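Trainee: I would like to know how the labels on a model like this are earned. Can we take them one by one?

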Amino acid sequence: MAIRGIEFSRLSLMDALDLAILVEEEAQERYEDFAAQMEQHRTPEAAKFFRYMAANEAKHGLHLAARRAERFGDVPRAVTRTQLFDIEAPDFDAARAFMSPRKAMEAALASELKAHAFFQSALNAVKDPGVRALFEELRDEEVGHQGLVQAELAKLPRDKGPSDEHFVDEPTAQ
Amino acid sequence: MSANATCTYQAKDYRSDLKPIWCPGCGDYSVVQGIYRALAAIGRPPHEVAFISGIGCSSRISGYTTAYGFNTVHGRSLPIAQGIKLSNPDLLVLAAGGDGDGFSIGGGHIAHAVRRNMNLTYIVMDNQVYGLTKGQLSPTSQKGRKTVTSPYGSLEEPVNPLLYILAYGAGFVAQACPSDLAGMSAIFEEALRYPGFAFVNVQSPCVTFGEEAQQMKGLKAITETLDSLGHDPSNRIAAMDLAQHYGRKLHLGVFYRNPEPPPTYDDLVRERQAELAKGALPKERILDLFIKQ
């Protein structure tokens, strides 16, 4: 995960809300991308799960955007997507050919843990009380999301079939 | 100049109906998204863009856009892209491919493309392996790497694409990573806007035949943005110094942007054509050249 040119100690509430919206937007895009990859590679169950995650990220983004609009109207954004990457989005190489629903959920769980670590780390520097309250709320939400994914994971049987590694062809000499 | 300057384009306008079939998790998915976004930001209609690629996994990319595309011959994307730019200078020309295509099979073309300085952008998706043919040693594979063509470990030092292209005198050299889609799109846009030969190396690990250390987790541990280092992209020497860290550090951003770009080859050709046209015979007297007076 990375943040460019943002000093958390001087972050305003409006910028913090915008940052949170962009974090959700990035995650939504990555999940949509993963879902398309899975659909193309005939892995419908993982695709369905990634679509579900994308919809959730979109919902959170809309919720934050509504709060931002209510508080700050249409004041232009001061932070941009180029200032952050890989905060709540799963790593782009977390997708794998023929990944099982369990593997897909594990990828989502890893990204929830990553997001939690991001907000926790940012809180060490945040000074504005409004931003602190927002980041604490977002950090705690990540704990809730982790719990949801873990509960779903517990319902799934252990992977019995071949793992994605079995689908990789043996390397060959040219 | 755009034929339809009032039209605005969105990333989806550059996406073809052909669905990418790279391995899931491949960084090339992000690269093509980044290209769609950069083209939309520039706003040139798809029919004013030519996208030329070589051969390899990453070279499939030209087919995934609505621009004019040519999936050419192994290592020959640059000569063909230059020919296209020269014959139709109004086109926005991109060339792309992998590290094997660009630095091994097509390696001889780079020096000439750089020194000729045509107004085109060259994007290399550098995964340090020949992925399409199932994992052979490539020109950017790390020394010691074991592959089917180097079962006891490679004895060769890898090519350093950044230093190589900076040394030839390219006016724009940058590096990006697929995990930073927005940053990568911004770099592509800047490269496309640069008036001259622009090169972007994208570290796009091979999820199928790549080494563990070259996967995103390994790369993250060595990633640093050039902005955070306070690098001045107009300083070519500083850029070359940073480029030496290729393989040990993953520096993201613009290494070098010539603050005073020289005229491009295509500009010079047009100037020359205009000069020669002054002394040229009128069309109706062309046959005089072949008829003895």
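**Labels and their reasons**

Mentor: Start with Asn117(B): this residue is buried, with 22 other C-beta atoms within 10 Å. The model is a predicted one.

Trainee: What makes Asn117(B) buried?

Mentor: The cut-off is 20 or more other C-beta atoms within 10 Å. Asn117(B) has 22, so the label buried applies. Asn117(B) sits in the loop between H4 and strand E4 (120–126) of chain B. Its phi is positive, about 55°, although Asn117(B) is not a glycine.

Trainee: Why is Lys134(B) called partly exposed?

Mentor: Lys134(B) has 18 other C-beta atoms within 10 Å. Buried needs 20 or more, and exposed needs 12 or fewer. A count of 18 lies in between, so Lys134(B) is partly exposed. This residue is found in the loop between E4 and helix H5 (161–167) of chain B. Lys134(B) also has a positive phi, about 75°, and is not a glycine.

Trainee: Why are H2(B) and H4(B) called roughly parallel?

Mentor: Helix H2 (residues 77–87) and helix H4 (residues 107–116) of chain B pack at an angle of about 30°. Angles under 35 degrees count as roughly parallel. Therefore H2(B) and H4(B) earn that label. Their axes are 9 Å apart.

Trainee: Which residues meet where H2(B) packs on H4(B)?

Mentor: From H2(B) come Leu78(B), Pro79(B) and Gln82(B). From H4(B) come His109(B), Ile110(B), Ala113(B) and Arg116(B). By class, this contact has four nonpolar, two polar and one charged residues.

Trainee: How do you know that the length of H1(B) agrees with what a helix should span?

Mentor: Helix H1 (residues 28–42) of chain B has 15 residues. The expected span is 1.5 Å times one less than the number of residues. That gives 21 Å, and the end C-alpha atoms are 21 Å apart, so the two agree. After H1(B) comes Gly43(B), with a positive phi near 85°.

Trainee: What makes H1(B) largely enclosed?

Mentor: In H1(B), 12 of the 15 residues are buried, so the rest of the structure largely encloses this helix. Among the buried residues are Tyr29(B), Val32(B), Ile35(B) and Leu39(B). The cover includes H1 of chain A. From chain B it includes strand E1 (49–53), E4, helix H6 (181–193) and strand E6 (198–203).

Trainee: How many residues does each chain give to the contact between chains?

Mentor: Chain A gives 25 residues and chain B gives 30. On the side of chain A, the largest share, four residues, comes from helix H1 (residues 13–40) of chain A.

Methods: Residues are numbered from 1 along each chain as its sequence is written. Chains are lettered from A and ligands numbered from 1 in the order in which they are written. This is a predicted model: local features need pLDDT of at least 70, side-chain atom pairs count only at pLDDT 80 or more; totals for chains, interfaces and linings use all residues. Axes are lines fitted to C-alpha atoms, for helices over the stretch in contact, and angles run from 0 to 180 degrees between N-to-C directions. Helices (H or I, at least four residues) and strands (E, at least two) are DSSP runs, numbered from the N terminus. Angles under 35 degrees count as roughly parallel, over 145 as roughly antiparallel, 65 to 115 as roughly perpendicular and the rest as oblique. Two residues are in contact if their C-beta atoms, placed from the backbone, lie within 7 Å. Ala, Val, Leu, Ile, Met, Phe, Trp, Tyr, Cys and Pro count as nonpolar, Asp, Glu, Lys and Arg as charged, and the others, Gly among them, as polar.
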